[in-house]
Amino acid sequence: IIGAATTLTLSLRQSRFAIYGMMLTAAIFLTTSLGSVRYVDTRTIRPLADILTPMLKPDSEVITYNQYYQDLPFYLQRRITILNWRNELEFGMQHQDTREWMIRNEQFFKKWNGKNQIFMIISKDEFQKFRTRYPNEPIIIISETPYNLLVSNRY
C-alpha cells in the first residue's frame, strides 16, 4: 500500500520516477512474499519428513493413511505405501501393478502388527476416526503439524 501510494504521488510529478517506484515496489513485494511462503503455507508435509528421515531404517515402511501427500516421496527419497487412496492415482493404477504400495486395511493391519517398524502419516481428523474404530491398536505419536500426525506402531 505504501509503495502504491508513493508511486501514485510520483506519477503526478514525474512519470519516469513513477515507473521506477512501481518496479521497486513490485520487487520488494515479490521478495517479501516468496520469503514468507514457507511460514504461511502449512500444508507441506516437510516438517514431519524432516523428523522422520533420521529415524528411517532400510526395513522401515512409511504409510500414508487415507491420503496421498505428493511431496512426501520427494522429501524422503523413497516410495511411500498408500492406504485406501485412489483419486488422481487411479488412472496410473490401471497401467501399473501397484499391489505392493497401494494397500487396503487388511494388508495394512498385517504390516502394522508385523515385526518391522511402521511409520504412518495421518491427518488429525483421520487419527480420531482411527482411534475410535481401532482402540486396541498400538499407536505412538511421534510428532505433529497443524493438520497431520507422524505416528508409529512401536518405539
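**Exercise 1. A salt bridge within one helix**

With which residue does Asp50 form a salt bridge, and how far apart are the closest N and O atoms? Determine also where the two partners lie and how accessible Asp50 and Arg46 are.

*Solution.* The structure is a predicted model.
- Step 1. The partner of Asp50 is Arg46, and the closest N and O atoms are 3.7 Å apart. A salt bridge requires a side-chain nitrogen of Lys or Arg within 4 Å of a carboxyl oxygen of Asp or Glu, so the pair qualifies.
- Step 2. Both residues belong to helix H3 (residues 46-52), where four residues, about one turn of the helix, lie between their positions.
- Step 3. Asp50 has a relative accessible area of 46% and is partly exposed. Arg46, with 43%, is partly exposed as well.

**Exercise 2. The surroundings of Glu61**

Identify the salt-bridge partner of Glu61 and the residue whose side chain makes a polar contact with the side chain of Glu61. Locate these residues and state their burial.

*Solution.*
- Step 1. Lys111 and Glu61 meet through their side chains in a salt bridge, at 3.2 Å from N to O.
- Step 2. This pair connects distant parts of the chain, with Lys111 in helix H6 and Glu61 in strand S1, 50 residues apart.
- Step 3. The relative accessible area of Lys111 is 26%, so this residue is partly exposed. Glu61 has 17% and is therefore buried, the limit for burial being under 20%.
- Step 4. The side chain of Glu61 is also joined to that of Thr81 by a polar contact of 2.5 Å. Thr81 is part of strand S2 (residues 81-83) and is buried, with a relative accessible area of 5%.
- Conclusion. The side chain of Glu61 has a salt bridge to Lys111 and a polar contact with Thr81.

**Exercise 3. A salt bridge in helix H7**

Describe the salt bridge between Lys129 and Glu126 and account for their separation along the helix.

*Solution.*
- Step 1. The N-to-O distance between the side chains of Lys129 and Glu126 is 4.0 Å.
- Step 2. The two residues are three positions apart in helix H7, so about one helical turn separates them.
- Step 3. Lys129 is partly exposed at 40% relative accessibility, whereas Glu126 is buried at 16%.
- Step 4. In the whole structure, the count of salt bridges comes to four.

**Exercise 4. Aromatic pairs of Tyr65**

The whole structure contains nine aromatic pairs. Among them, analyse the pair of Tyr65 with Phe108, and then the pair of Tyr65 with Phe130.

*Solution.*
- Step 1. The rings of Tyr65 and Phe108 are 6.1 Å apart, centre to centre, with 65° between the planes; the pair is edge-to-face.
- Step 2. Tyr65 is in strand S1 (residues 61-65) and Phe108 in helix H6 (residues 105-112), so this pair ties together parts 43 residues apart in sequence. Tyr65 and Phe108 are both buried.
- Step 3. For Tyr65 and Phe130, the ring centres are 5.4 Å apart and the planes stand at 90°, so this pair is edge-to-face.
- Step 4. Phe130 lies in helix H7 (residues 124-133), and its pairing with Tyr65 in strand S1 therefore ties together parts 65 residues apart in sequence. Burial applies to Tyr65 and to Phe130.
- Step 5. Tyr65, Phe108 and Phe130 belong to one aromatic cluster, which also includes Phe109, Trp112 and Tyr134.

**Exercise 5. Backbone and surface**

Examine the phi angles of Asn66 and Gln77, and then the nonpolar surface patch that includes Ile19.

*Solution.*
- Step 1. Most residues other than glycine have a negative phi. Asn66, which is not a glycine, has a positive phi of about 55°. Gln77, also not a glycine, has a positive phi of about 55°.
- Step 2. Asn66 is in the loop between S1 and helix H4 (72-76), and Gln77 in the loop between H4 and S2.
- Step 3. Is each residue buried or exposed? Asn66 counts as buried at 18% relative accessibility, while Gln77 is exposed at 61%.
- Step 4. The nonpolar patch consists of Phe17, Ile19, Tyr20, Met22 and Met23, which together have about 530 Å² of accessible area. Ile19 is in helix H2 (residues 15-40) and is partly exposed, with a relative accessible area of 45%.

Key
Residues numbered from 1 in each chain as written. Predicted model: local features only at pLDDT ≥ 70, side-chain atom pairs only at ≥ 80, totals over all residues. Heavy atoms only, no water. Buried < 20%, exposed > 50% of the residue type's maximum accessible area, 1.4 Å probe, protein only. Polar contact = N/O pair within 3.5 Å; in protein donor to acceptor, adjacent residues only side chain to side chain. Phe/Tyr/Trp six-rings, centres within 6.5 Å; stacked < 30°, edge-to-face > 60°. Patch = residues over 30% accessible without salt bridge, like charges linked within 9 Å, V, L, I, M, F, W, Y side chains within 5 Å. Areas by Shrake-Rupley, 256 points an atom, 1.4 Å probe, with all protein chains shown as cover.
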